[in-house]
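Dear colleague,

Please find below the structure that I agreed to hand over to you. My findings follow it, and I would ask you to read them with the structure open beside you.

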Amino acid sequence: MPDSPPIRPGMVIGILGGGQLGRMLAVAAAEMGFACHIYCPDQKSPAFAVAAARTIAPYDDEAALAAFAGSVDIVTFEFENIPLATLRSLAEKVPVLPDPRSLEATQDRLVEKQLIAGLGIGVSAFAQVASQSDIYSALARTGRPALLKTRRLGYDGKGQTLIRTGDDPVGAWRSIGEVPAVLEAFVPFEREISVVLARGRDRTMRAYDVAENVHVDGILATSTVPASVPAALADEAIAIAGRIAEALEHVGVLAVEMFVSTDNRKRLLVNEIAPRVHNSGHWTTDGCLCSQFEQHIRAIAGWPLGGAERHDDVVMENLIGDAVAEWPALAAEPGARLHLYGKTETRPGRKMGHVNRISPAGDT
Ligand code: AMP
């Protein structure tokens, strides 16, 4: 696939998933002269409003997938909970980038941690929990506090529970639904950071500046660039993300979330890999020449990667749930750029939009 001809303007990019990431990818693709076809089971998908074509069908609908494959020139995805079988079935008919292997390695938290550890990259102590009886041996490995997380389908802190000293481990196992899980040591961290990078079909890589992230209730609240970390640590974080992207032979944007732990011997511990554009890269739209969305489209299309240098400092704030009601004040705020996702229903914990607050680089 990386050797096939570039995708030319006028061709159609198929995107699996219709959330805000798909919406922002479709806008970037349109600006480059492509048309996007969004495939998503949810008929209220925010990406539909900005796409040239849509398919509303379940991810296992073979007939709908075949028709979709026949109408696009390349397929990509905007979130990692797409069934692997869907991607594999499409890949038999049409180029799919990133390769389904990137999804396979990251949609299961256990496989993901094994990959990271196998590369000799720091990760918190972890153990598999396949049945109730595993939980005690897993706790012996991680100590307490520890987080019990479902292996699959977790996001924004969902599908996970903390086990503290005195907590009943079996109760924790029940609370996540007694599904295959991974237990991981709770990391005492100084801060959280992430690296968003792109890897092209020609294997070149461009990383954006490291972002410093604050999560509230497991959901990203803000990303700040530049991050307040020493340059050497930022370089190390970028090198780690690069090694992961190369190991996966990833093509497209990839994000790696890390803890800066308070333990000086193992400062950087990887929390999660996302084989796609990422919320902690939303600042790039207003802080860089080429946003993460355009960069992803360039990478998968076989175009040269764009400039990832930061021209401004940015604080990105997510508008979660009712916070979106502040839009009139945000629209009037100098130096703030408002991005709304067009979601009709506001729910607690739902990402409704974000705002990028810009200041000249070096002023903050
Ligand atoms: P996740 O859904 O796994 O990315 O977790 C969401 C957020 O929960 C992370 O960004 C952290 O703020 C927190 N968290 C997750 N795992 C750990 C851990 N092992 N130690 C400390 N905090 C964690």
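**The ligand and its surroundings**

β6 (146–150), β8 (181–185), β9 (189–199) and β14 (268–274) each contribute at least two residues to the shell around the ligand. Please bear in mind that the model is a predicted one.

The protein as a whole is divided into domain 1 (12–96), domain 2 (125–185) and domain 3 (189–360). Domain 2 (125–185) and domain 3 (189–360) each give at least three residues to the shell around the ligand. As for domain 1, its centre and that of domain 2 are separated by 34 Å, taken over C-alpha atoms.

Turning to individual residues, 16 of them surround the ligand, and those that come nearest are K149, E184, V187, E192 and E272. By character, the shell consists of six nonpolar, five polar and five charged residues.

Several polar atoms of the protein can be paired with atoms of the ligand. E272 places a polar side-chain atom 2.8 Å from an oxygen atom of the ligand. In the side chain of H215, an N or O atom is 3.2 Å from an oxygen atom of the ligand. With A185 the backbone is involved: one of its N or O atoms lies 3.0 Å from a nitrogen atom of the ligand.

How much of the ligand's accessible area does the protein cover? On its own the ligand has 480 Å² of accessible area, and the protein covers 92% of this.

Yours sincerely,
A colleague

Terms used:
Residues are numbered from 1 along each chain as its sequence is written. This is a predicted model: local features need pLDDT of at least 70, side-chain atom pairs count only at pLDDT 80 or more; totals for chains, interfaces and linings use all residues. Side-chain values use heavy atoms; hydrogens and water are left out. A residue is near a molecule or strand if one of its heavy atoms lies within 4 Å of it. A polar contact is a pair of N or O atoms within 3.5 Å; within protein, one must be able to donate a hydrogen and the other to accept it, and residues adjacent in sequence count only if both atoms are side-chain atoms. Accessible areas come from the Shrake-Rupley method with a 1.4 Å probe; for residues, only the protein chains shown count as cover. Helices (H or I, at least four residues) and strands (E, at least two) are DSSP runs, numbered from the N terminus. Ala, Val, Leu, Ile, Met, Phe, Trp, Tyr, Cys and Pro count as nonpolar, Asp, Glu, Lys and Arg as charged, and the others, Gly among them, as polar. Domain bounds come from an automatic or database domain assignment.
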